[in-house]
Amino acid sequence: MDSLHAQLVAIQNRLAFVQEDPIDWRTYVLFFSWGICLFESYLLLRQYPLYSKSAPPAILAEHFTPQVFEKSQKYGKHKAKFSIVSGLYKQFIDTLQLASGVYYPWAWRASAQLIELAGYGPEYLISQSVVFVLLLTFFSTLPTLPLGLYQTFVLEEQHGFNKTTLSLYFADILKGWALGIVLGAPLLSAFLYIFEWAGDRFVPWVMMLLLVFQLSMIILYPTIIQPLFNKLSPLPEGDLRTRIEALASKLKFPLKHLYEIDGSKRSSHSNAYFFGLPWSKHIVIFDTLIKQSQPEEVEAVLAHELGHWYYLHPTKLLLVSQLHLFTILALFPAFLNAPPLLRSFGFPESVAARPPPIIAFLLYQMVLTPLEAIVGMALNAISRRFEYQRTSAADKEAMKDMGTRLGRALVSLHVENLSTVWVDWLYSAYHHSHPTLTERLKELGEYGSEGLGKTDMKKE
């Protein structure tokens, strides 16, 4: 611990200018946030012309009827327009909040007034910080509600995917807020308490707290949180269940439960995933995937997913995330005691002189925005690398004809979900954690695909 602390102190000393120099951090944040927004808009403008193509790539020509491809292109174009407009809208809202210099200081004053009404004074810094975050979350959510409504009840509705009712939509929002309070408030309180208790030696303790929370969520999400939104039922006996259990046995995957989830309650999009502790895993399959695909195709999709487990990808990604978190926390001490940072965002001297950890951390995250964009691309590259690797694993260990069957399943899913098949390389590198369909099919051909055959196209 002492050696680690010494290294962290050395880093803090190198960043001492943050605590002393009157840097205009607000202008810096606005400049880079707009830079990222405009770059993302540029990527969408690169992608947009591809939605005007009249035919799919040659490798997919026999799998998309002209009608299905036209629907896919219209859906992609509609989503691109929405992304550009919503991205710029959110950026304008963020700019108003930052440039005014009053929004965040107002939220801090309002939180003090609210806890005072409850009989608590300024010495209850953690309580005020929790109320501060709740206020910011609530008032930041309100301006984006119209975007969510449009996306669900106009965009998704027009293209035949929305199954959500208005009452269910708002019920989900209320449940999300309730969960944020029930789970987020204690986590935030513990996070802030560590700063009071450990002082400048907070880094390893915060990392342990967040790691324990992540592991706890593995248990809490499927048993408590997921049932609040969806119904999980045991997958019925039959061909599909037999295939999946045999696949898990071949891979020595510690399967404990196999569920079907009513994803069709909200959308006709499909998915499948697994979760659990190392010795007890659970597989969840969307009912839409079961309806849209043949049992052997669902088996291939799951073999592909279990390749993650075979190659320890979740563990590797957890280690990468811990390294990322450590880097963020290691740099934070310099910003934790930086009055110029708070002054730059309009906080009065009475607050800036002794920066509350929650405000310092919030502003610090804004400062990291450009670096986080680069980290996001790097994590996408790692994820895409893992996607290729897991296909090979499942092929070698489970099914010799996996390439063909997975190829059919992926094409079928793209058809059913009207997914985009023409993708700009730079747009994909920035946004996608998975290879494109054409990249996947090319790679699958190297692992035993003997031809996909004609895919049954249901969306006529």
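**Exercise 1. Around Asp262**

Leaving aside its neighbours within four places in sequence, which residues is Asp262 in contact with? Find them in this predicted model, then work out which atoms are involved.

*Solution.*
Step 1: Start by locating the residue. Asp262 sits in the loop between strand S2 (255-261) and strand S3 (272-277).
Step 2: List the contacts, skipping neighbours within four places in sequence. Asp262 is in contact with Asn230, Lys231 and Asp287.
Step 3: Look at the polar atoms. The side chains of Asp262 and Asn230 are joined by a polar contact of 3.3 Å. With Lys231, it is the backbone nitrogen that lies 2.8 Å from a polar atom of the Asp262 side chain.
Step 4: Try a long distance as well. Val85 is 177 residues from Asp262 in sequence, and their C-alpha atoms are 32 Å apart in space.

**Exercise 2. Salt bridges between helices**

Your next task is to find how many salt bridges a search of the whole structure gives, and to trace what the Glu299 pair ties together.

*Solution.*
Step 1: Take the total. The search of the whole structure finds 11 salt bridges.
Step 2: Pick out one of them. Glu299 pairs with Arg405, and their closest N and O atoms are 2.4 Å apart.
Step 3: Place both partners. Glu299 belongs to helix H12 (residues 295-310) and Arg405 to helix H18 (residues 402-417), so this salt bridge ties together parts that are 106 residues apart in sequence.
Step 4: Check the surroundings. Both Glu299 and Arg405 are buried.

**Exercise 3. Buried or partly exposed?**

Now compare two further pairs: are Arg343 and Glu349 buried or partly exposed, and what about Glu387 and Arg440?

*Solution.*
Step 1: Begin with the Arg343 pair. The side chains of Arg343 and Glu349 meet in a salt bridge of 2.7 Å, N to O.
Step 2: Read the accessibility. Buried means under 20% relative accessible area, and exposed means over 50%. Arg343, at 41%, is therefore partly exposed, and Glu349, at 43%, is partly exposed too.
Step 3: Move on to the other pair. Glu387 forms a salt bridge with Arg440, with 3.2 Å between the closest N and O atoms. Glu387 lies in helix H17 (residues 369-397) and Arg440 in helix H20 (residues 437-444), so they tie together parts 53 residues apart in sequence.
Step 4: Apply the cut-off again. Glu387 has 2% relative accessibility and so counts as buried; Arg440, at 9%, also counts as buried.
Step 5: Finish with a network. Asp239, Arg243, Glu299 and Arg405 are joined into one network by salt bridges that share partners.

**Exercise 4. Two more acidic side chains**

Which side chains form polar contacts with Asp424 and Glu372?

*Solution.*
Step 1: Find Asp424 in the loop between H18 and helix H19 (425-431). Its relative accessible area is 11%, so Asp424 is buried.
Step 2: Gather its contacts. Beyond neighbours within four places in sequence, Asp424 is in contact with Arg46, Gln47 and Leu50.
Step 3: Pick out the polar ones. A polar contact of 2.9 Å joins the side chains of Asp424 and Arg46, while the backbone nitrogen of Tyr427 lies 3.0 Å from a polar atom of the Asp424 side chain.
Step 4: Turn to Glu372, which is in helix H17. Glu372 is partly exposed, with a relative accessible area of 30%.
Step 5: Not counting residues up to four places away in sequence, Glu372 touches His324 and Ile328. The side chains of Glu372 and His324 share a polar contact of 2.9 Å.

**Exercise 5. Surface and confidence**

Finally, work out which residues make a nonpolar surface patch of about 330 Å², and where the pLDDT is below 50.

*Solution.*
Step 1: Mark the patch. Its members are Trp106, Phe138, Phe139 and Leu142.
Step 2: Inspect one member. Phe138 is in helix H6 (residues 125-141) and is partly exposed, with a relative accessible area of 34%.
Step 3: Check the confidence. The protein averages a pLDDT of 88, and 93% of the residues score at least 70.
Step 4: Locate the weak stretches. The pLDDT is below 50 over residues 446-451, a stretch with 11 contacts in the model beyond near neighbours in sequence. Residues 453-460 also have a pLDDT below 50, and this stretch has 26 such contacts.
Step 5: Draw the lesson. Where pLDDT is low, predicted coordinates should not be read in detail.

Terms used
Residues numbered from 1 in each chain as written. Predicted model: local features only at pLDDT ≥ 70, side-chain atom pairs only at ≥ 80, totals over all residues. Heavy atoms only, no water. Patch = residues over 30% accessible without salt bridge, like charges linked within 9 Å, V, L, I, M, F, W, Y side chains within 5 Å. Areas by Shrake-Rupley, 256 points an atom, 1.4 Å probe, with all protein chains shown as cover. Salt bridge = Lys/Arg side-chain N within 4 Å of Asp/Glu carboxyl O. Helix = DSSP H or I, 4+ residues; strand = E, 2+ residues; numbered from the N terminus. Buried < 20%, exposed > 50% of the residue type's maximum accessible area, 1.4 Å probe, protein only. Contact = heavy atoms within 4.5 Å. Polar contact = N/O pair within 3.5 Å; in protein donor to acceptor, adjacent residues only side chain to side chain. pLDDT = per-residue confidence, 0-100.
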